Each structure stands twice: as C-alpha cells, then as structure tokens.
Amino acid sequence: MDSTLLPLTLTSDPRPFNQQLLEPPNSRCVLEPQANPELAPILVCALCCCFGIIYCCFGYRCFKAVMFLSGLLSGALVIFLLCHKEQVLETQLSLEVTAGIALGIGLLCGLVTMLVRSVGLFLTGLLLGLTLGIGILLGTEPIYQPPSAWVPAGGLVGLALLGALLTLRWPRPFTVLGTALLGAAVLVACADYFLEGLALGSRLGQRLQALAALPPLCWYSWVLLGTWPAVGALGVLAQWKLLAEERGGRANVILSHQRRHFQLLQIPQQEAKWHRTTSGAGLCEGSSRHQRPTTNSRSHADSVAPVCSLGSQTARRQIPPWTAKL
C-alpha cells in the first residue's frame, strides 16, 4: 500500500510534531480561576457590587444618596487620573497624595451634585449616555471598525450630552433608566474582573484607540455583555414597582387625612344639632309643668304633653356621637 510522505517543516509550535493531529482548542477562551487574588481589588469589587445593586434597584428612591455617590466617584476618578497620569505640578506626586487630593475634590463634587438638583440630573444624563455609548461600542465590534479614534470619542461625547439634555427634560424616567443601566454595568464589570481579569475593559480601551486586527472576544465575554441590558431591564422594573408602591402609600395617607379632616368639620354641626334637640326638649318640659290636667276632659295640649316629656327624657339620655370618637 503506497503512502505519501509529507515533507518535514520547522515550526515554533511547542506541540509534538505530528501533522495528523487536530488543531488544539483555543486556550485563550478557557476560564481559569485567578492563582493568587489580591485582597484590595477584591474588596473594591465587593464595594462596587454593593453600589451597583443600590443604583440598579433603588436609584430613584435613594435619589440624594445616588447623586452624592455619582459626584464623589466621578470627581475622584477624573482628578486621580489627571494627577497620576499627567504631571500637573513640577514634582511627581505619590500615590497616597494623589488619592487624598482626588478624595477631597470628589467629596466637594458629591456635595454639589446632591444639593443642586439640576447638576445631579445633568451628571446622571451624562453617565447614561456614556454607558449606552460604551455598550454600543463593544457590541458593534464584529460589524464595525472605526477608522479613527475621533469617531468613538465623538460618539461618546454626543450620546452623553444627549442623555444629559433628555434627563433634564424628563427627570423621572431617564433617572430610573440611567441608574438601572449604570448599576448593571458596574455589576457586569465586577463579574468581568473575577472571570477574565477585566478583558472587556481592556477591549474598550483598544476600541477607543481604533486599533485594527483585534482578536475576537471569547464566548463568555459576549455572555457578560448580553447580561448587561437584561440586568438593566430588571432594575428598571424593580424601580417602577417601588415607585408604584410609594404612590399607593401616599394616596392612602392623603385619603386618611382627608377623612379625618371631614370628621373634624362635622363635629360642630353635630354639636349644634344636639343643642337644638335639648333646648326643644326643655321647652316641652316647661310647658307641661304649667298645664292643669282635668279628670274628665282631655285637650289637645294634654295629648301633646306626654310626648314632649318622653322626648325630654330621650334627650337627657342621648349621648353626643362625637364624644365616643374623641
């Protein structure tokens, strides 16, 4: 039986040389737990998960707290990146000094966004537009490659300004939508860190730089990216449910106050009616005393007198209806 010998070739593949073996599976898309996870990033991710749940489920109900957190984190992140990456002063600042400066300015920004409602809504709209832009930029990777870095940057800025204007025009629905999507994005980013070490974050940086010939994302990256709108939709439903319950509770409280006020208005009318009843009974009793009943004949006044006396006894025994309520 004839067999054709294949020529020998030099290759850098570390596998044992055998041209009849199948291609190995892509080891890049295999989930592997982190060997030595550090404590500080884990604590930061756990804290971010708590913030994400608060944003996603209680964004509009905890409006002041959410506005403070948004201003604090946004201001601190921007100042930290400026001081750490760029040499603002003549000397390079240490990491601790940079973190202190960023925290102080972040606290100031958080107070401004919490106390000034329009500033808080504007920041919420900006974050909504940026979150939508990041999702669109990552989701359109297989079908669109930006020719320049200005295209994704301009798209993000445009969506951020559009979201800010829409949030200022319709505060309630866009605040609910923005906080739900932002909280879902934070939860997805924390899951991405634990599963693949922020692969989606690094891919976002590459997309913003408009790099070409990027390797495709793994299947679990697409699963994480797909869970973001699903978790955001669940957050929107949860917030609308809480808002509906809060409206129902307020309506019940207002109705009970109105009933109480109506009862208090009825008390003087009932009191005046009771006084009129007792005064009429007293007049009937006085007229019956001055009458002289006869043994043989009964006049019309004689027949009325016992009725008046009976009415007076009933009036004496009657208890005002408002005393039982008070």
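Biologist: How many helices and how many strands are there in the chain?

Modeller: In this predicted model, the chain has 10 helices and 0 strands. Read from one end of the sequence to the other, the pattern is α-α-α-α-α-α-α-α-α-α.

Biologist: Happy to hear it. Why is leucine 198 called partly exposed?

Modeller: Its relative accessible area is 39%. Buried means under 20% and exposed means over 50%, with partly exposed in between. The value for leucine 198 falls between those cut-offs, so partly exposed is the right label.

Biologist: And where is leucine 198 found?

Modeller: Leucine 198 sits in the loop between α6 (171–196) and α7 (199–208).

Biologist: What makes the phi of leucine 198 worth pointing out?

Modeller: Most residues other than glycine have a negative phi. Leucine 198 is not a glycine, yet its phi is positive, at about 60°.

Biologist: What is the phi of alanine 210 near, and where does this residue lie?

Modeller: Alanine 210 is also a residue other than glycine, and its positive phi is near 60°. You will find alanine 210 in the loop between α7 and α8 (219–290).

Biologist: Back to the whole chain: what percentage of the residues is buried?

Modeller: Of the 326 residues in the chain, 26% are buried. Each of those has a relative accessible area under 20%, because that is the cut-off for the word.

Biologist: What area does the chain expose, and which atoms supply 69% of it?

Modeller: The chain exposes about 22100 Å², and carbon and sulfur atoms supply 69% of that area.

How values were computed:
Residues are numbered from 1 along each chain as its sequence is written. This is a predicted model: local features need pLDDT of at least 70, side-chain atom pairs count only at pLDDT 80 or more; totals for chains, interfaces and linings use all residues. Side-chain values use heavy atoms; hydrogens and water are left out. Helices (H or I, at least four residues) and strands (E, at least two) are DSSP runs, numbered from the N terminus. Buried means under 20% relative accessible area, exposed over 50%, partly exposed in between (1.4 Å probe, protein chains only). Accessible areas come from the Shrake-Rupley method with a 1.4 Å probe; for residues, only the protein chains shown count as cover.
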